[in-house]
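The questions below ask how particular labels are earned, and each answer sets a value against its cut-off.

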Amino acid sequence: MRYRYALPAAAAVAALAATVAPAQAAEYHSALKVRGVQYDAPGRDSNRCSGGNTKDEYLTVKNYSRTATVNLKGYVVKDATGNRFKFTASHSLQPGDYVKLRGGNGSDSDAKNVVYRDNCNFIWNNGGDTIYLYKPSGARSDVHKYTKAANDRDGNGYITFHS
């Protein structure tokens, strides 16, 4: 009789764990994934378009496929509050290639693997945030939740998600 409630209790614990699982626990089947984020630009945050440091805040998106080239056109990056960026131009990533999505203004370059958001506001919160990467179809490609305290052990403002 002492095992009578073991199964319902275990089911309740499993159900509770499923509802509070962190966002980064979900694994999506996609070639494109968030490699890492420089969520805290070095120095004092200054979102001025001229002389500010929003270009030093960036998200690295990598093509983890061994064979497929992926065009970023139509992919969307969002944060937890709904700030978003849509890749509107063609930018092809060869297998193993990456692009840095930087804040601020600049010239996009395939050769330098950089795309600018053309927005001088910071997108990633320094204390913590959630990064969403969506396919052109609207399906999730990748998602990661981070906090400075839990994920940035060396305190350099950069977190790696996939190696």
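Q: Why does Y39 count as buried or exposed, given its relative accessibility?
A: In this predicted model, Y39 has a relative accessibility of 0%, and since buried means under 20%, Y39 counts as buried.

Q: Why does Y146 count as buried or exposed at 1% relative accessibility?
A: The cut-off for buried is under 20%, and Y146, at 1% relative accessibility, therefore counts as buried.

Q: What makes Y39 and Y146 an aromatic pair, and which kind of pair is it?
A: Ring centres must lie within 6.5 Å, and those of Y39 and Y146 are 5.1 Å apart. Planes under 30 degrees apart would count as stacked and over 60 as edge-to-face, so the 40° between the planes of Y39 and Y146 makes the pair tilted. This pair links distant parts of the chain, with Y39 in the loop between β1 and β2 and Y146 in strand β10 (residues 140-147), 107 residues apart.

Q: How do you know which kind of aromatic pair Y58 and Y158 form?
A: The centres of Y58 and Y158 are 6.1 Å apart, against a limit of 6.5 Å, and the angle of 40° between their planes falls in the range that is neither stacked nor edge-to-face, which leads to the label tilted. Y58 in strand β2 and Y158 in strand β11 are 100 residues apart, so that this pair, too, links distant parts of the chain. Both Y58 and Y158 are buried, and the search of the whole structure finds 4 aromatic pairs.

Q: What makes the charged end of K100 count as sitting over the ring of Y58?
A: The distance limit is 6 Å from the ring centre, and the charged end of K100 sits over the ring of Y58 at 4.5 Å from its centre.

Q: What makes β8 and β11 the edge strands of their sheet?
A: The open sheet of 5 strands has the order β8-β7-β2-β1-β11, with mixed pairing, and β8 (114-116) and β11 (158-160) each pair on one side only.

Q: How do you know that β7 and β8 pair?
A: Pairing needs at least two bridges, and 3 bridges join β7 to β8, which run parallel. Within this part of the sheet, L101 stands opposite V115 in β8.

Q: Which residues touch the most other members of the largest nonpolar core?
A: Of its 23 residues, these are L32, V37, L59, F87, W124, I131 and Y146. β1 (32-38), β2 (58-63), β7 (98-102) and β9 (128-134) each supply at least two residues of this core, and β1 gives the most, with 3 residues.

Definitions and conventions. Residues numbered from 1 in each chain as written. Predicted model: local features only at pLDDT ≥ 70, side-chain atom pairs only at ≥ 80, totals over all residues. Heavy atoms only, no water. Core = buried A, V, L, I, M, F, W, Y, C linked by side-chain atoms within 4.5 Å. Buried < 20%, exposed > 50% of the residue type's maximum accessible area, 1.4 Å probe, protein only. Helix = DSSP H or I, 4+ residues; strand = E, 2+ residues; numbered from the N terminus. Phe/Tyr/Trp six-rings, centres within 6.5 Å; stacked < 30°, edge-to-face > 60°. Lys NZ or Arg CZ within 6 Å of the ring centre and 35° of its normal.
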